[in-house]
Amino acid sequence: MAKNLIIVESPAKVKTIKKFLGRDYMVEASVGHVRDLPPNKIGVDEERGFTPDYKVIPGKQKVVAKLKAAADQAEHIYLAPDPDREGEAIAWHVAHLIGDKNKQVSRIQFNEITSRAVKEALDNPRPLDENLFHSQQARRILDRLVGYKLSPLLWSKVKRGISAGRVQSVALRIIVDRERERQAFRPEEYWVFKALLEGPEPPAFAAELWKVEGKKPSVGSGEQAQVLYDRVKDTPFVVSAIEEKERQRHPSPPFITSTLQQDASRRLGYTAKRTMSTAQRLYEGVELGESGVTALITYMRTDSVRVADEARDAAQAFIVETLGADYYPPKPRYFKTKSGAQDAHEAIRPVDVRVTPESVRKHLPADQYKLYTLIWQRFMASQMAAARLHDTTVTVDSGPAQWRAKGERVLFPGFLKVYGVDEATDEKTEGEGGESTSTKAAMLPKLEKGMQLTVRKLTKDQKFTQPPPRYTEASLVKELEEQGIGRPSTYAAIISTLLDRDYARLEEKKFVPSELGVTVVDLLTKHFQSLMDVHFTAGMEEQLDDVAGGKVNWVELLKHFTGDFYPTLDKAKDEMVQVKGGLETGIVCDLCGKPMNIRFGKNGEFLGCSGYPDCKGIKNFTRDEQGQIQIVERANEMPEKVGTCPDCGKDLVLKRSRTGSRFIACSGYPECKHAEPHSTGVTCPREGCTGQLVEKSSKRGKVFYSCSTYPKCNYATWDWPIAKPCPQCDSKILTIKTTKARGEHVACPEKACRFTRELEPDESVG
């Protein structure tokens with residue numbers, strides 16, 4: 001008797017699923033998509049209803065042949081790619097390719113790779129969802145039309161080889177607009193007053209100036225600050241009010257794709273791409289010793305916070321058993337999925353809550369363990385009782401001023417027992433530099449109304465308002481989600497594209513648009529207002545969702561889009577300015593006196609003389625906080641001798657690259673071409689790596705330190721590393737960091753760890 005055939009997306013799932021099923025099932029993998037539009041032409045017949053010309057993806061012929069051979073032997077075929085729009089498209093294309101071998105085809109899907117879920121899916125097969133496939137097809141064709149029509153225009157006007165995308169260009173505009181906000185920002189001076197006060201009993205506590213003569217204080221100069229200081233310094237500080245109240249703090253919902261990417265970025269320092277690839281492995285199954293290959297989490301591409309009843313019941317049993325009944329809420333928790341979200345599958349959660357992070361730690365690489373811990377803790381906290389807190393607010397009067405101090409005491413930790421206080425809520429704000437900011441409540445002594453306090457210290461500090469922060473990966477993902485740009489499953493690809501195309505760079509883990517990125521955004525915004533409009537792009541996502549729901553015809557959607565896009569494109573071909581020769585700067589070449597322009601080279605932007613090729617004057621540059629060009633002068637000094645060349649015996653000298661990083665080269669160059677990176681002497685901290693951290697520099701001229709084995713290991717840090725372990729986390733190194741507030745100091749490079757200390761005598765940047 002012929003076996004039934006299950007076709008999944010990933011080879012990693014094959015071993016996991018085979019473990020659940022008997023000999024009556026074959027399991028094969030499509031290894032992702034098997035058909036797509038051709039890579040070397042547009043592949044869409046616009047005259048015949050946008051008919052796509054699908055081809056087997058180069059290199060997939062053997063996979064397709066294997067699937068056809070298996071289908072020829074099978075009694076029935078179950079298509080089981082991932083349960084989303086892309087998965088439906090993969091299933092559709094596989095069904096088309098094997099149709100001549102076997103037409104007994106059904107679609108199955110499961111949210112978790114467990115024996116129960118797989119067998120339940122086999123008991124409930126369905127036909128392929130034509131609407132869902134058409135939605136994916138419409139998106140693919142839209143992106144192909146925009147990319148293939150716009151990119152050649154940018155090649156002719158800006159630089160060959162660059163690209164434009166329907167969603168990526170809008171995401172880039174968000175980054176560029178934020179940079180423009182920062183450049184237009186003008187700081188305003190203000191002064192902060194604090195008083196260190198002490199009552200009859202310890203501890204001393206800090207109070208901040210709250211009101212002056214009943215109004216919010218507005219102190220905008222040193223003179224005003226001194227006047228106020230003189231008015232309050234000798235006045236008695238008396239407790240005028242004490243407010244006490246009990247409040248509850250509730251847990252956040254379990255993760256969806258976007259919140260997982262945001263929290264993994266904030267707490268673990270993971271990129272969206274790293275988060276999704278790590279989550280994929282946890283979903284598909286990992287080797288757990290005697291247990292074999294086991295799936296640890298549910299499907300990680302979802303924007304629903306729904307939780308299955310059996311998962312909720314399992315969480316309840318585990319919480320009551322391990323922590324006690326008090327830690328479970330009076331009623332089970334249900335979270336509301338936001339309107340417009342796809343509710344096809346659950347939130348991201350552990351498959352089995354009894355598989356705790358510690359129980360599998362020895363089997364998992366560090367990145368998988370950390371991410372699983374994050375997912376497990378978030379889900380368990382989401383099912384737990386609220387924390388009960390006791391808040392105290394003390395108001396202190398001193399002459400014309402009123403001061404306030406806040407205290408907080410945990411009465412019952414509730415979900416905080418699992419999900420720590422600092423990470424217990426998504427409602428964080430990002431301050432300058434992207435750090436999360438919050439006012440932490442202090443421990444207050446026993447106080448009474450009318451009590452006079454002793455002033456231990458009275459301070460006034462000059463501050464300046466800060467520009468809006470640049471986007472981190474976490475805050476950019478949050479912005480894309482809030483604006484309805486793309487879908488959670490596409491955020492990692494959007495970010496990777498912007499970085500790979502050199503439209504933006506990550507500096508200190510924040511997005512900075514390149515000159516090329518700014519230029520592309522300006523040109524596209526001027527000539528393609530609808531395409532670059534956030535609301536238009538979000539509306540297109542909603543229409544694609546309507547195609548999936550059978551409410552909109554995919555061909556009509558494409559006709560409507562191209563009816564506006566094509567005339568705009570034709571007009572732009574005639575009217576868009578050509579900047580291949582460079583962008584004017586007003587800077588004069590010091591070699592010939594002609595204007596210098598911003599040029600886009602293969603290694604990034606630079607200033608080049610407009611008299612080229614007669615004059616070959618070039619300069620590196622950066623921009624200051626107001627966006628003004630600053631010339632980066634190259635050092636002209638005698639090279640430092642650092643050793644003997646192993647190839648020819650001449651001196652090795654320390655040199656600088658065009659972009660600013662140091663490297664070691666033979667003084668006999670060009671006869672001897674020996675060269676090596678400048679090592680920090682610190683071993684790469686990545687688990688299992690034996691490389692050294694060496695000095696490099698970005699195309700923009702910013703120095704960083706990366707593993708010498710790159711691309712095998714991609715570890716990198718912007719700050720000078722020192723070979724000392726962090727006393728607060730498992731980081732094997734510390735770094736020397738410089739900030740405006742503290743100057744040079746030692747800090748842990750792990751974003752989730754906030755350890756800092758002062759420099760020791762033997763520590764300095766090499």
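At what angle do helix H3 (residues 85-98) and helix H5 (residues 130-157) pack, and how far apart are their axes? The structure is a predicted model, in which local features need pLDDT of at least 70 and side-chain atom pairs count only at pLDDT 80 or more, while totals for chains, interfaces and linings use all residues. Residues are numbered from 1 along each chain as its sequence is written, and side-chain values use heavy atoms, with hydrogens and water left out.

The angle between H3 and H5 is about 100°, and their axes lie 8 Å apart. Helices here (H or I, at least four residues) and strands (E, at least two) are DSSP runs, numbered from the N terminus. Axes are lines fitted to C-alpha atoms, for helices over the stretch in contact, and angles run from 0 to 180 degrees between N-to-C directions. H3 is therefore roughly perpendicular to H5, a description that covers angles of 65 to 115 degrees. Contact means heavy atoms within 4.5 Å. On the H3 side the contact is made by Arg 85, Glu 86, Glu 88, Ala 89, Trp 92 and His 93; on the H5 side it is made by Glu 130, Leu 132, Phe 133, Ser 135, Gln 136 and Arg 139. By class, the contact of H3 with H5 has 4 nonpolar, 3 polar and 5 charged residues. In this scheme Ala, Val, Leu, Ile, Met, Phe, Trp, Tyr, Cys and Pro count as nonpolar, Asp, Glu, Lys and Arg as charged, and the others, Gly among them, as polar.

A second helix pair is formed by helix H6 (residues 168-184) and helix H15 (residues 515-527), whose axes come within 9 Å and cross at roughly 110°. That makes H6 roughly perpendicular to H15. Ser 169, Leu 172, Arg 173, Val 176 and Arg 180 of H6 meet Gly 517, Val 518, Val 521, Asp 522, Leu 524 and Thr 525 of H15. The contact of H6 with H15 divides into 5 nonpolar, 3 polar and 3 charged residues.

The strands may be considered next. A closed barrel of 6 strands runs in the order E9-E10-E15-E14-E11-E18, with antiparallel pairing. Two strands pair if DSSP finds at least two bridges between them. Neighbouring strands of the barrel are turned by 35° against each other on average, direction ignored. Within the barrel, 2 bridges join strand E11 (residues 237-249) to strand E18 (residues 452-464), and Phe 237 has Leu 453 in E18 as its bridge partner. Helix H7 (residues 222-232) packs on this sheet, touching E9, E10, E11, E14, E15 and E18, and its direction makes about 20° with that of E9.

Another sheet, this one open, has 4 strands in the order E26-E27-E28-E29, with antiparallel pairing. Its edge strands are E26 (640-644) and E29 (675-677), each of which pairs on one side only. The twist averages 35° from one strand to the next. E26 and strand E27 (residues 651-656) pair over 4 bridges, and Glu 640 has Leu 654 in E27 as its bridge partner.

Further along the chain, strand E32 (residues 703-707) is joined antiparallel to strand E31 (residues 692-697) by 5 bridges, with Ser 697 opposite Val 703. E32 is also joined antiparallel to strand E33 (residues 716-717) by 2 bridges, with Ser 706 opposite Ala 716. Because 4 of the 5 residues of E32 are buried, this strand is largely enclosed by the rest of the structure. Buried means under 20% relative accessible area, exposed over 50%, and partly exposed in between (1.4 Å probe, protein chains only).

Burial also marks other places. His 745, in strand E36 (residues 743-747), is buried, with a relative accessible area of 3%. Leaving aside neighbours within four places in sequence, His 745 is in contact with Thr 735, Ile 736, Lys 737, Thr 739, Thr 756, Arg 757 and Leu 759. In helix H9, the buried residues include Ala 272, Met 276, Leu 282 and Tyr 283. Among the elements that cover the buried residues of H9 are helix H1 (11-18), helix H8 (257-268) and helix H12 (366-382). Just after H9, Gly 285 takes a positive phi of about 125°.

In contrast to these, Pro 365 is partly exposed, with a relative accessible area of 41%; its place is in the loop between helix H11 (357-360) and H12.

Note on methods
Angles under 35 degrees count as roughly parallel, over 145 as roughly antiparallel, 65 to 115 as roughly perpendicular and the rest as oblique.
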